[in-house]
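Student: I am new to this structure and would like to go through it step by step. Please show me the sequence and the model before we start.
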Amino acid sequence: MKLFATHALSDPAPHSGAVVFEDDVRLMRLVASGDVRAQRLLAMRVTARGLRIARSFVGNHSEAEDVMQDCLLEVFRAAPQYRGDAPLEAWASRIVVRRSMRHLKRVKLKRLERETLVDAATLAAHAHADPDNGAALVERLERIVRSLSPDAQLVLRLRFDMGFTVQEVADYTGAPHSTVKKRLLRAIAQVRGMLRAPQDLGGEREMP
């Protein structure tokens, strides 16, 4: 049984113009049937990338692993819905993004109570006094981003942590390109406003 090969083939349906990842479809059919070997192969293919995505949202490896376990269960349950119109890894990554967002929204209030947020004026003073301290700046930026709304964190992390284009962010979130662009600009303005320093996150460049 050939499980490891993955390639895209044209859909035989006339005039469809679609691309079907037939090996992925076959794999997911086996997953849906309860095939343990197929489930293990699926987990091997999607876990590493999924963990990177989850960790970029939750910021904690242990929490990211918990999120990824939930994602794998959801991927297994959703296996019959996979139609092969996107690579399996990309399809599974959408589930990881959704799960990570749900987790982020659940724990946000608890996290805000648990963490001590640095006062914006203090951040600004440090930014001016020690602009060359890259590690400190990264830490300040991370703390600020974590204080933003889940939606703002989503677009910032997809755009800058994961390197997605604005259109890719739009595809993952289901929001129009123009809406994503506005959310990014607003989120960047919030970050820069809290830093009170001319830190350039790319907000002034024309977005693709």
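Tutor: Helices and strands here are DSSP runs, at least four residues for a helix and at least two for a strand, numbered from the N terminus. The model is predicted.

Student: In what order do the elements of the protein run from the N terminus on?
Tutor: The protein has 9 helices and 2 strands. Read from the N terminus, the order of these elements is β-β-α-α-α-α-α-α-α-α-α.

Student: Which element has the highest mean pLDDT?
Tutor: pLDDT is the predictor's confidence in each residue, on a scale from 0 to 100. Over the protein its mean is 75, and 69% of the residues reach 70 or more. Among the elements, the lowest mean, 37, belongs to strand β1 (residues 9-10). The highest, 93, belongs to helix α1.

Student: How many contacts beyond four places in sequence does the model have for residues 111-124?
Tutor: Over residues 111-124 the pLDDT stays under 50. Residues 198-208 are also below 50, and that stretch has 22 contacts beyond near neighbours in sequence. For residues 111-124, the number of contacts beyond four places in sequence is 19.

Student: What share of the contacts with a separation of 6 or more comes from residues 24 or more positions apart?
Tutor: A contact means heavy atoms within 4.5 Å. Of the contacts in the protein with a separation of 6 or more, the share from residues 24 or more positions apart is 63%.

Student: Are α1 and α2 parallel or oblique to each other?
Tutor: The axes of α1 and helix α2 (residues 36-58) come within 8 Å and cross at roughly 125°. An angle between 115 and 145 degrees falls outside the parallel, antiparallel and perpendicular ranges. That makes the relation of α1 to α2 oblique.

Student: Is the crossing of α1 and α2 left-handed or right-handed?
Tutor: Residues of α1 that meet α2 include Leu-27, Met-28 and Val-31. On the α2 side, Ala-38, Leu-41 and Leu-42 are among those met. The crossing in which α1 passes α2 is left-handed.

Student: Is Val-58 buried or exposed?
Tutor: Val-58 lies in helix α2. Its C-alpha atom is 7.8 Å from that of His-103, although the two are 45 residues apart along the chain. A residue is buried under 20% relative accessible area. Val-58 has 2%, so it counts as buried.

Student: And Gln-81, is it buried or exposed?
Tutor: Gln-81 sits in the loop between α3 (61-78) and α4 (88-114). Its C-alpha atom is separated by 9.3 Å from that of Ala-32, 49 residues apart along the chain. With a relative accessibility of 56%, Gln-81 counts as exposed.

Student: How far apart are Leu-141 and Met-194 in space?
Tutor: Leu-141 is found in helix α6 (residues 134-146). With a relative accessible area of 18%, Leu-141 is buried. In sequence, Leu-141 and Met-194 are 53 residues apart. From C-alpha to C-alpha, the distance in space is 9.3 Å.

Student: Which residue with a positive phi follows α7?
Tutor: Helix α7 covers residues 150-161, and its buried residues include Leu-154, Val-155, Leu-156 and Leu-158. After α7 comes a residue with a positive phi, near 75°, and that residue is Gly-163.

Student: Within what arc do the buried residues of α8 fall?
Tutor: The buried residues of helix α8 (residues 166-173) are Val-166, Val-169, Ala-170 and Tyr-172. Seen down the axis of α8, these residues line one face of the helix, because they fall within an arc of 165°.

Student: What is the phi of Gly-174?
Tutor: Gly-174 comes just after α8. Its phi is positive, about 80°.

Student: How do α8 and α9 lie to each other?
Tutor: Val-166, Val-169 and Ala-170 are among the α8 residues that meet α9, where the residues met include Val-180 and Leu-184. The axes of α8 and helix α9 (residues 177-195) come within 9 Å and cross at roughly 110°. Angles of 65 to 115 degrees count as roughly perpendicular. The two helices are therefore roughly perpendicular.

Key: Residues numbered from 1 in each chain as written. Predicted model: local features only at pLDDT ≥ 70, side-chain atom pairs only at ≥ 80, totals over all residues. Heavy atoms only, no water. Buried < 20%, exposed > 50% of the residue type's maximum accessible area, 1.4 Å probe, protein only. Arc of directions from axis to C-beta. Axes fitted to C-alpha atoms, helices over the stretch in contact; angles between N-to-C directions. Parallel < 35°, antiparallel > 145°, perpendicular 65-115°, else oblique. Left-handed = near helix turned anticlockwise from the far one by under 90°.
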